[in-house]
Amino acid sequence: VHRFTVGQRKGLGVPAEPDGRPRYVLALRPAEQAIVVGPRDALAQQTLEASAVNWIEPMPSAARRVTAQIRHRHPPAAASVEALPDGRARVTFDDPQPAITPGQAVVFYDDDVVVGGGWIDATGH
């Protein structure tokens, strides 16, 4: 499992979808020593939860409009971020984002100003 990452397409050692489309890593399940594979469109997620969130600006008391960046080279995307208990946050994107990966960082922006960020724990549709 440690040799794979969400969104990976090459080196999976599994055949393509029946219609010829390549398969991608959709999820890692280390406790089961398993990876979940499927078509590219199944990578798109609308929400994520993050932990160890550090707020640069005061923690919002309600959902706040931001752009959120889920990878270094991924363009920031329009979203709402909501502070949760225990240093967590929930991000809901306006449009589904590809390959949101637990273990990666998410950073929240207001224009070019960093508002906060944390570590991606979980994703959801």
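In this predicted model, T123 is found in strand β8, which spans residues 113-124. With a relative accessible area of 36%, T123 is partly exposed. A partner remote in sequence is Q45: the two residues are 78 positions apart along the chain, yet their C-alpha atoms are separated by 6.7 Å in space. Once neighbours within four places in sequence are set aside, the contacts of T123 are Q45, T47, L48 and I100.

Just before I100 in the numbering comes A99, which lies in the loop between β6 (88-98) and β7 (105-110). The backbone here deserves a second look, as phi of A99 is near 55°, a positive value in a residue other than glycine. Most residues other than glycine have a negative phi. A similar feature appears at Q33, where phi is also positive and near 55°. Are these two residues buried or exposed? A99 is buried, at a relative accessible area of 9%, because the cut-off for that class is under 20%. Q33, by contrast, is exposed, with a value of 63%.

The setting of Q33 is a hairpin. Q33 lies in the loop between β1 and β2, and this hairpin has 4 residues between its strands. Strand β1 (residues 24-29) runs antiparallel to strand β2 (residues 34-38), and 5 bridges join them. Within this pairing, A27 has V36 of β2 as its bridge partner.

Turning to charged side chains, the count comes to 9 salt bridges. One of them joins R90 to E49, with the closest N and O atoms 3.1 Å apart. Because R90 lies in strand β6 and E49 in strand β3 (residues 44-55), this pair ties together parts that are 41 residues apart in sequence. Both members are partly exposed, R90 at a relative accessible area of 30% and E49 at 24%. The pair also belongs to a wider arrangement, as a network of salt bridges links E49, E82, R88, R90 and D121.

Another arginine, R64, takes part in salt bridges with E57 and D110. The side chains of E57 and R64 meet at 3.1 Å, N to O, and E57 is partly exposed, with a relative accessible area of 27%. For R64 and D110, the closest N and O atoms are 3.0 Å apart. R64 lies in strand β4 (residues 64-69) and D110 in strand β7, so this salt bridge ties together parts that are 46 residues apart in sequence. D110 likewise counts as partly exposed, at 33% relative accessibility.

Notes. Residues are numbered from 1 along each chain as its sequence is written. This is a predicted model: local features need pLDDT of at least 70, side-chain atom pairs count only at pLDDT 80 or more; totals for chains, interfaces and linings use all residues. Side-chain values use heavy atoms; hydrogens and water are left out. Two strands pair if DSSP finds at least two bridges between them. Helices (H or I, at least four residues) and strands (E, at least two) are DSSP runs, numbered from the N terminus. Buried means under 20% relative accessible area, exposed over 50%, partly exposed in between (1.4 Å probe, protein chains only). Contact means heavy atoms within 4.5 Å. A salt bridge is a side-chain nitrogen of Lys or Arg within 4 Å of a carboxyl oxygen of Asp or Glu.
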